[in-house]
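The exercises below ask you to reason from the atoms to the architecture of one protein chain. Try each task with the structure open before you read its solution.

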Amino acid sequence: MYVMLLGSFPFGMEDEISESKLKAQIKKIELLCPEELDKISPHARGLLTQIFKPVETRISVTQALADPWLQAASAKDRNDENEKTDQHLKWIHMLCEDRSE
């Protein structure tokens, strides 16, 4: 999700740093560029901050999927698809009417 929203990896790439340093960054949750989070919406940032927490306090996958921001984005995608389908059905209907004349 971090990569999709920000276009970069949250931690160093393995070929840029040693594996032990990468594991330490992940364990300490040391994001490479925490200021990058300011570029996304507060709701998306809130979800990411819930994900990038120590294991004991991190939200579960189920909780993340139920997040209002993610649910709203999913609903918007479904609405967009429904609008496209409705438009396609209108075009098909228009084409069928043209043929019957």
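**Exercise 1. Decide whether Ser20 is buried or exposed, and find the partner of its side chain.**

*Solution.* The model is a predicted one, and the first step is to place the residue, which lies in helix α2. The second step is to compare its relative accessibility with the cut-off: exposed means over 50%, and Ser20, at 56%, therefore counts as exposed. The last step is to look for a polar partner, and here the side chains of Ser20 and Ser18 are joined by a polar contact of 3.3 Å.

**Exercise 2. Determine how Gln25 is placed and which residues it touches beyond its sequence neighbours.**

*Solution.* Gln25 belongs to helix α2, which spans residues 19-28. Since buried means under 20% relative accessible area, Gln25 counts as buried because its relative accessibility is 10%. When residues up to four places away in sequence are set aside, the contacts of Gln25 are with Phe11, Gly12, Ile17, Glu30 and Leu32.

**Exercise 3. Examine the loop between α2 and α3 through Ile29 and Glu36.**

*Solution.* Begin with the backbone of Ile29, a residue found in the loop between α2 and α3. Its phi is near 55°, a positive value in a residue other than glycine. For background, most residues other than glycine have a negative phi.

Glu36 is found in the loop between α2 and α3 as well. With a relative accessible area of 17%, Glu36 is buried, and, leaving aside neighbours within four places in sequence, Glu36 is in contact with Tyr2 and Leu6.

**Exercise 4. Work out which residues of helix α3 are buried, and where they sit around the helix.**

*Solution.* Helix α3 covers residues 42-51, and its buried residues are Ala44, Leu47 and Leu48. These three cover an arc of only 95° around the axis, which puts them on the same side of α3. The spacing can be understood from helix geometry: an α-helix has 3.6 residues a turn, so residues three or four places apart point the same way. To complete the picture, inspect the face of α3 turned away from its buried side, where the exposed residues Pro42 and His43 are carried.

**Exercise 5. List the residues of the largest nonpolar core and identify the elements that give two or more residues to it.**

*Solution.* The largest nonpolar core has 10 residues in all, namely Tyr2, Leu6, Phe11, Ile17, Leu22, Leu31, Leu37, Ile40, Ala44 and Leu48. Sorting these by element shows that α1 (2-6) and α3 are the ones that give two or more residues to this core. As a general background, nonpolar side chains tend to be buried together in soluble globular proteins.

A useful check is to follow one member outward: Leu37, not counting residues up to four places away in sequence, touches Tyr2, Leu6, Leu31, Arg45 and Leu48.

**Exercise 6. Find the aromatic pairs, describe their geometry and say which parts of the chain they tie together.**

*Solution.* A search of the whole structure yields 2 aromatic pairs. One is formed by Tyr2 and Phe52, whose rings lie 5.7 Å apart centre to centre with 80° between the planes, an edge-to-face arrangement. Because Tyr2 lies in helix α1 and Phe52 in the loop between α3 and α4 (61-65), this pair ties together parts that are 50 residues apart in sequence. Tyr2 is buried, with a relative accessible area of 4%, whereas Phe52, at 21% relative accessibility, counts as partly exposed.

The other pair joins Phe11 and Phe52, again edge-to-face, at 5.8 Å centre to centre and with 70° between the planes. Phe11 lies in the loop between α1 and α2 and Phe52 in the loop between α3 and α4, so the parts tied together here are 41 residues apart in sequence. Phe11 counts as buried at 12% relative accessibility. Taken together, the ring pairs link Tyr2, Phe11 and Phe52 into a cluster.

**Exercise 7. Summarise the whole chain: how many helices and strands are there, and what share of the residues counts as buried?**

*Solution.* The protein has 5 helices and 0 strands, so that, in reading order, its pattern is α-α-α-α-α. Of its 101 residues, 19% count as buried. Among contacts between residues at least 6 apart in sequence, 39% join residues at least 24 apart. The accessible surface comes to about 7900 Å², and 58% of it belongs to carbon and sulfur atoms.

Notes: Residues numbered from 1 in each chain as written. Heavy atoms only, no water. Buried < 20%, exposed > 50% of the residue type's maximum accessible area, 1.4 Å probe, protein only. Helix = DSSP H or I, 4+ residues; strand = E, 2+ residues; numbered from the N terminus. Arc of directions from axis to C-beta. Core = buried A, V, L, I, M, F, W, Y, C linked by side-chain atoms within 4.5 Å. Contact = heavy atoms within 4.5 Å. Phe/Tyr/Trp six-rings, centres within 6.5 Å; stacked < 30°, edge-to-face > 60°. Areas by Shrake-Rupley, 256 points an atom, 1.4 Å probe, with all protein chains shown as cover. Polar contact = N/O pair within 3.5 Å; in protein donor to acceptor, adjacent residues only side chain to side chain.
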